[in-house]
Amino acid sequence: MGGIFINYRRGDHEDVVRELYDRLEQHFGEDQVFRDVASIVPGQRYPDTLRERVADCEVLLVVVHRGWLQARGPSGGLRLDDEADWVRREIDQALHTGKTVVPLLLDGAAPPRPDQLPWPVRELAHRNAQSLRAARFEDDLAELIAVLETDVSRTWRPVPPPPPGHRPGRWLGVLTALLAGAALLGVPALPQDDGWARGDGLPWTLYATLGGCLLLCAPLVAVAVGRFLLRRPIDSWERDLHAVKHQTYVRQTWPMGAGLVLIGLFPALQMWGDKGMWGSLALLLVMGLAVAHTAATHIRLKRRDADLWARWPQGLPDRVTRPVLRRAIARLELRLAESRPPLSREQREKADWELTDMRRALGRLADEARRSRVRWLCQDHPWILGGYCVGLALVTALAVASGLAFDAAGEGRPRVHVTLAVVVLVGAALALSTMELALRHQRRLRTDLATEAAERIALLADRVTALSAPARTRRPTPAPRPEELAEPD
């Protein structure tokens with residue numbers, strides 16, 4: 001539980017103590033401030049509770065009012081000389097257990113001298129005191145809170161990560177098997193016109209088989225270009241784009257997206273010509289839906305950015321992506337850049353929690369980089385895997401249908417069937433090569449990210465350590481809270 005223990009005597013100054021308790025409770029949280037009257041539950045043994053809370057606290061705040069040293073008990077002796085006096089007991093316990101003890105001097109009270117204190121609590125005279133004056137109550141209270149924030153944290157809890165998105169389960173595998181089986185059994189059974197054998201044409205299934213193989217070449221070429229030819233510029237662009245807010249990203253990249261849309265829209269409209277009214281209307285409808293979806297996504301991601309900045313720390317998801325991890329590191333870098341030393345205990349705890357969470361995410365990334373090929377495909381690209389399985393089944397079915405067509409036309413020579421089999425094997429090789437190249441590319445991306453993120457996290461840890469050094473001068477106000485302001489670009 002920890003927090004602040006207010007040590008005080010009863011008297012005319014209790015209104016000030018009550019106001020002090022209320023204000024500290026508002027700032028640090030209800031369970032972080034202890035005052036005997038307000039915090040001990042009826043029926044509890046107060047000696048046990050007082051000892052437990054002094055042992056548990058981080059700071060003992062000793063309220064020193066006028067006449068504090070001269071306070072006398074029923075017998076007429078000084079209360080501080082009485083070993084059974086609870087004010088003395090609490091101070092003694094805190095001093096001898098290494099707690100931070102802060103004398104708080106109310107209006108006009110003088111700090112006690114060593115010769116005025118009994119030996120067990122004489123160390124109190126060597127602790128630097130803080131004043132709390134009625135004429136400067138707000139300023140003195142702000143300075144006191146700034147002092148306490150070094151050792152006491154506000155009550156906070158990490159925000160859990162968002163739930164994982166919906167991922168297809170076994171039903172996708174069943175659907176893939178059904179579609180592949182339907183293609184293998186249904187396509188060869190389709191009727192074909194064998195008139196092509198007496199003319200110049202070829203069966204349409206042969207054209208479809210060759211077209212399917214060409215389609216399988218496109219992803220391989222795209223992955224190869226991204227891995228070998230444009231690797232460095234793409235990596236550099238991604239590092240820059242992953243670190244900025246979504247709003248900044250949209251503001252900087254929307255002209256490029258608008259230009260690409262116009263480039264694709266103009267040829268499509270030209271292709272339809274004067275008779276393409278319905279096609280143009282359909283295209284405009286699709287464009288409108290795309291714009292609406294983009295706007296909704298922009299609003300959602302903008303709110304998400306604001307929430308991640310205002311409520312921190314927030315845990316990283318179990319399946320952390322490169323943009324999410326880089327964005328989390330960039331946010332912490334901005335927070336530390338906006339904070340001035342020394343960091344409050346709350347800031348230190350939150351920063352350390354985030355750094356630990358980032359290190360755990362790096363460990364998960366390393367585990368993901370060592371996954372088997374099948375597990376990688378099933379976890380990261382289930383839809384692509386299903387699409388490739390159905391596509392290969394369709395190419396195989398079309399090749400079988402082409403062979404049957406050649407046999408029906410009396411042209412079913414062995415070399416024709418061998419050629420069709422080679423075409424199917426080439427398609428399978430293209431699919432496997434694409435997946436293998438993509439797997440190696442993803443492994444490299446995860447390995448590079450782990451190296452990059454580990455270096456940045458180490459620098460952030462050093463930055464937190466440097467900002468946590470004890471203050472050389474007294475801070476006049478509580479630590480600034482960057483999350484209370486808008487996130488800078």
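This is a dialogue on reading salt bridges, a pocket, a surface patch and cis peptide bonds in a predicted model.

Biologist: What can pair when charged atoms come close?

Modeller: Side chains of opposite charge can do so. In this predicted model, the count of salt bridges comes to 31.

Biologist: Which residue does Arg-9 meet in a salt bridge?

Modeller: Its partner is Asp-85, with 2.7 Å from N to O. Arg-9 sits in the loop between strand E1 (4-7) and helix H1 (14-28), and Asp-85 in the loop between strand E3 (59-64) and helix H4 (86-96), so the pair ties together parts that are 76 residues apart in sequence.

Biologist: Are Arg-9 and Asp-85 buried or exposed?

Modeller: Both Arg-9 and Asp-85 are buried.

Biologist: Where do Glu-19 and Arg-23 lie?

Modeller: Both are in helix H1, 4 residues apart, which is about one turn of the helix. Their side chains meet in a salt bridge at 3.5 Å, N to O.

Biologist: Why is Glu-19 classed as partly exposed?

Modeller: The class follows from the relative accessible area, and partly exposed covers the range between 20% and 50%. Glu-19 has 33%, so it is partly exposed. Arg-23 has 23% and is therefore partly exposed as well.

Biologist: Which residue forms a salt bridge with Arg-136?

Modeller: Asp-140 does, and the closest N and O atoms are 2.8 Å apart. Here the two partners fall into separate classes: Arg-136 is partly exposed at 36% relative accessibility, whereas Asp-140 is buried at 1%.

Biologist: Which residues are linked in a network of salt bridges?

Modeller: The network consists of Arg-319, Glu-368, Arg-371, Asp-380 and Arg-446. Arg-319 also appears in the next feature, the lining of the largest pocket.

Biologist: How many residues line the largest pocket, and which lie nearest its centre?

Modeller: There are 38 lining residues, and those nearest the centre are Pro-317, Arg-319, Thr-321, Pro-323 and Val-324. The space in this pocket is about 1,300 Å³.

Biologist: Which helices each supply at least two residues of that lining?

Modeller: They are helix H8 (231-242), helix H9 (246-272), helix H10 (277-310), helix H11 (322-338), helix H12 (345-369), helix H13 (373-380) and helix H15 (414-467).

Biologist: What does the lining of the largest pocket have by class?

Modeller: It has 16 nonpolar residues, 9 polar ones and 13 charged ones.

Biologist: Now the surface. Which residues form the nonpolar patch?

Modeller: Trp-171, Leu-175, Leu-179 and Trp-383 do, and together they have about 440 Å² of accessible area. Helix H6 (residues 170-186) gives the largest share of the patch, 3 residues.

Biologist: Where is Trp-383 found, and why does Trp-383 count as exposed?

Modeller: Trp-383 is in helix H14 (residues 382-408). For the second part, the cut-off for exposed is over 50% relative accessible area. Trp-383 has 53%, so it is exposed.

Biologist: Let us end with the backbone. Which residues does a cis peptide bond join, with omega about 0 degrees?

Modeller: That bond joins Trp-312 and Pro-313. Pro-313 lies in the loop between H10 and H11.

Biologist: Which residues are joined by a cis peptide bond with omega of about -10 degrees?

Modeller: Those are Pro-341 and Pro-342. As for position, Pro-342 is in the loop between H11 and H12.

How values were computed. Residues numbered from 1 in each chain as written. Predicted model: local features only at pLDDT ≥ 70, side-chain atom pairs only at ≥ 80, totals over all residues. Heavy atoms only, no water. Salt bridge = Lys/Arg side-chain N within 4 Å of Asp/Glu carboxyl O. Buried < 20%, exposed > 50% of the residue type's maximum accessible area, 1.4 Å probe, protein only. 1 Å grid on protein atoms, 1.4 Å probe; cavity = no way out; pocket = protein on both sides within 12 Å on 5 of 7 lines; lining within 4 Å. Points joined across faces, edges and corners; volume = space filled by probe spheres on them. Nonpolar A, V, L, I, M, F, W, Y, C, P; charged D, E, K, R; others polar. Patch = residues over 30% accessible without salt bridge, like charges linked within 9 Å, V, L, I, M, F, W, Y side chains within 5 Å. Areas by Shrake-Rupley, 256 points an atom, 1.4 Å probe, with all protein chains shown as cover.
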